[in-house]
Amino acid sequence: VKDGVRLLRNMEEPEKVGHELHKERGSGFLPLLGQNVVIDEDGATYVMVLPRDVSVGGVIDSEAEIADPYEKAKKIFVRDLNAASQMSMDWEGFDELKNGPVSAGVYHTVVRNAMLKVLANAGLQVDSFHSIDDDEIFLKIRVDPQGEA
């Protein structure tokens, strides 16, 4: 640890994580495993990594068949301890999943659109970008400190 900068927390300024201290010092980089990594998280609290189709180097075969797609989606969106979560299955798009098998492309489109709606309804801000080799999509999720989340 040099100059009091740590990846977790700085003892003198516990409210700031290491990358915030580096930004203040103007470097725009964070040392990680002997390399300087560009700081580009834009204040994200979480980052989700979503695979893309095999046609662009990802792992999803959009032509593959997904059996019981509605039941699989319910496992993602419906929680026993949250009665209101059942309503999410009434959203636009889930009808496509009710009548049996669908392609993985259709399934992922419906689920990802619903996921974005859940995040937006929770007051979270979401930005996305493609990985450098274009095989994944990164969702940067953050809470607006001035928002009502």
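These legends accompany close-up views of a predicted model of one protein chain.

**View 1. The whole chain, as a starting point for the close-ups.** Welcome to the fold: the protein chain holds three helices and seven strands. Following the sequence, you meet them in the pattern α-β-β-β-β-α-β-α-β-β. Of the 149 residues in the protein chain, 31% are buried. Among contacts with a separation of 6 or more, 46% join residues 24 or more positions apart. The exposed surface of the protein chain comes to about 10300 Å², and carbon and sulfur atoms supply 54% of that area.

**View 2. Helix H3 from end to end.** Here we follow H3 through its 18 residues, 104–121. At 1.5 Å a residue the helix should span 26 Å, and its end C-alpha atoms lie 25 Å apart, which agrees. After the helix comes glycine 123, with a positive phi near 85°.

**View 3. The buried residues of H3 and their cover.** Which residues of H3 are buried? They are Ala104, Tyr107, Val110, Val111, Arg112, Ala114, Met115 and Leu119. An α-helix has 3.6 residues a turn, so residues three or four places apart point the same way. With that in mind, look at Ala104, Tyr107, Val111, Met115 and Leu119, which are among the buried residues of H3. The elements that cover the buried residues include helix H2 (69–77) as well as strands E3 (46–51) and E4 (65–66). Strands E5 (102–103), E6 (124–130) and E7 (136–143) also belong to this cover.

**View 4. The second largest pocket, with H3 in its lining.** This pocket has a volume of about 150 Å³. Its lining consists of Pro51, Arg52, Asp53, Ile60, Ser62, Gly105, His108, Thr109, Arg112 and Ile137. Which element gives the most to the lining? That is H3, with four residues. Sorted by class, the lining has three nonpolar, four polar and three charged residues. One residue to look for in both this view and the previous one is Arg112: it lines the pocket, and it is also one of the buried residues of H3.

**View 5. Serine 85 in its loop.** The last close-up moves to the loop between H2 and E5, where serine 85 lies. Is serine 85 buried or exposed? Serine 85 has a relative accessible area of 9%, and buried means under 20%, so this residue counts as buried. Leaving aside residues up to four places away in sequence, serine 85 touches Phe77, Val78 and Arg79.

Methods
Residues numbered from 1 in each chain as written. Predicted model: local features only at pLDDT ≥ 70, side-chain atom pairs only at ≥ 80, totals over all residues. Heavy atoms only, no water. Helix = DSSP H or I, 4+ residues; strand = E, 2+ residues; numbered from the N terminus. Expected span 1.5 Å × (residues − 1). Buried < 20%, exposed > 50% of the residue type's maximum accessible area, 1.4 Å probe, protein only. Contact = heavy atoms within 4.5 Å. Areas by Shrake-Rupley, 256 points an atom, 1.4 Å probe, with all protein chains shown as cover. 1 Å grid on protein atoms, 1.4 Å probe; cavity = no way out; pocket = protein on both sides within 12 Å on 5 of 7 lines; lining within 4 Å. Points joined across faces, edges and corners; volume = space filled by probe spheres on them. Nonpolar A, V, L, I, M, F, W, Y, C, P; charged D, E, K, R; others polar.
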